Amino acid sequence: MTEVDLEAVRARLGRQGQLPGPVEVGAALRSLGVLVSDSVVRQTVVALRRDSEGAGVLDPLLRLPGVTDVVVNGPDQVYLDRGHGLELADVRFSGEAEVRRLAVRLAASVGRRLDDGSPFVDARLASGVRVHAVLACVADSGTCLSLRVPNRQRLSLADWTGSGSLTTQGSDLLRGLVASRRAFLISGGTGSGKTTLLGALLGLVPAEERIVVAEDSRELQPDHPHCVRLECRPPNAEGAGAVTLTDLVRQALRMRPDRLVVGEVRGAELADLLSALNTGHEGGCGTVHANSARDVPARLEALAALGGLDRAALHAQLAAALQVLVHVRRLRDGRRWVEELSLVRPDPVTGRCVIVPAIRFRPSTADEPGEGYAQLRRLADGGDR
């Protein structure tokens, strides 16, 4: 059965409003002059259903244990990540048309438009999988898909320690910081485990406290009995109806949060978050992309500019709002690693915030206390209010 034959059968069933059942497929094949046998009908039904349900040929990859990402670079290159970096998968598409059809269908399943006039889309499927698609008119390798698989498990801080991603002392300090309602950010690169660690820390928040989470795409699922999760919404086909992260943060402040959480600080919402943390909302937290802990102030300066804060205003707000920075990274063996806890402290001369190392964790050597360790210890123990 060629792709041309499959497309003809698909078109005939579509015109007649029929589902790809064995009887309907057999009739369609006969009308096209194809020699019909039980084997041909069965193979055609499987192929048609595969193309109309789930993620098509990618579904088996998404179901593999430990898979975090599946990426497609055109019909002949499909990769997956099982925690050890990208590896070539034994899956191929029949051609560019099949990849594009899958991308368009996934976008349409969540009400998003994907065509040559709007050649890329970022959305979350009903299954929780986050999909980003770019059509061949933009990507020279053909239609590209990037699917991020949500963590099927709610990892606790004990799981981080048990898997060797966090030292015992690091776990004790993080527990103390959450219990003492300290404001913190988790920094790290893409895929380093920022969101997973944040979810584990939110699971430590006392059950009587109300958590309100604002996210661009819903990823956080903390093990907590009173958690309200808000998600951004893109504009519709007419360009209206968008709900931004800034909108969500402002609404969250009116929802009586005990802990305000921004899943990922990536724009103008930083100004609203810092304002909230400076007006009595203790224990607020979030994540931010950064290559190292020392890069965070520069990263926040760039984001603050989007929210109308100049450099001086940002550092004044930051010094009063944020106390601790947690940096995570991904090791070469694929393990997520809590690398460093640092303090956010204003420089007495310039007034700008600097990152003061408090303790650094290494996979194979002893923990290394830094200049800010004594103060970090007091913060975790409930002092320095």
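**Exercise 1.** Which residues are linked with Asp122 in a network of salt bridges?

*Solution.* A salt bridge requires a side-chain nitrogen of Lys or Arg within 4 Å of a carboxyl oxygen of Asp or Glu. Under this rule Asp122 shares a network with Arg130, Asp216, Glu264 and Arg266. The count of salt bridges comes to 24. The model is predicted: local features need pLDDT of at least 70 and side-chain atom pairs pLDDT 80 or more, while totals for chains, interfaces and linings use all residues. Residues are numbered from 1 along each chain as its sequence is written, and side-chain values use heavy atoms, without hydrogens and water.

**Exercise 2.** Locate the partners of the salt bridge between aspartate 69 and arginine 148, and classify their accessibility.

*Solution.* The closest N and O atoms of this pair are 2.6 Å apart. Aspartate 69 lies in strand 1 (residues 69-73) and arginine 148 in strand 6 (residues 144-148), 79 residues apart; strands are DSSP runs of E, at least two residues, and helices runs of H or I, at least four, numbered from the N terminus. Buried means under 20% relative accessible area, exposed over 50%, partly exposed in between (1.4 Å probe, protein chains only). Aspartate 69, at 15%, therefore counts as buried. Arginine 148, at 29%, counts as partly exposed.

**Exercise 3.** Compare the expected span of helix 5 (residues 96-109) with the distance between its end C-alpha atoms.

*Solution.* The expected span is 1.5 Å times one less than the number of residues. For the 14 residues of helix 5 this gives 20 Å, and the end C-alpha atoms are 20 Å apart, so the two agree. Glycine 111, with a positive phi near 75°, follows helix 5.
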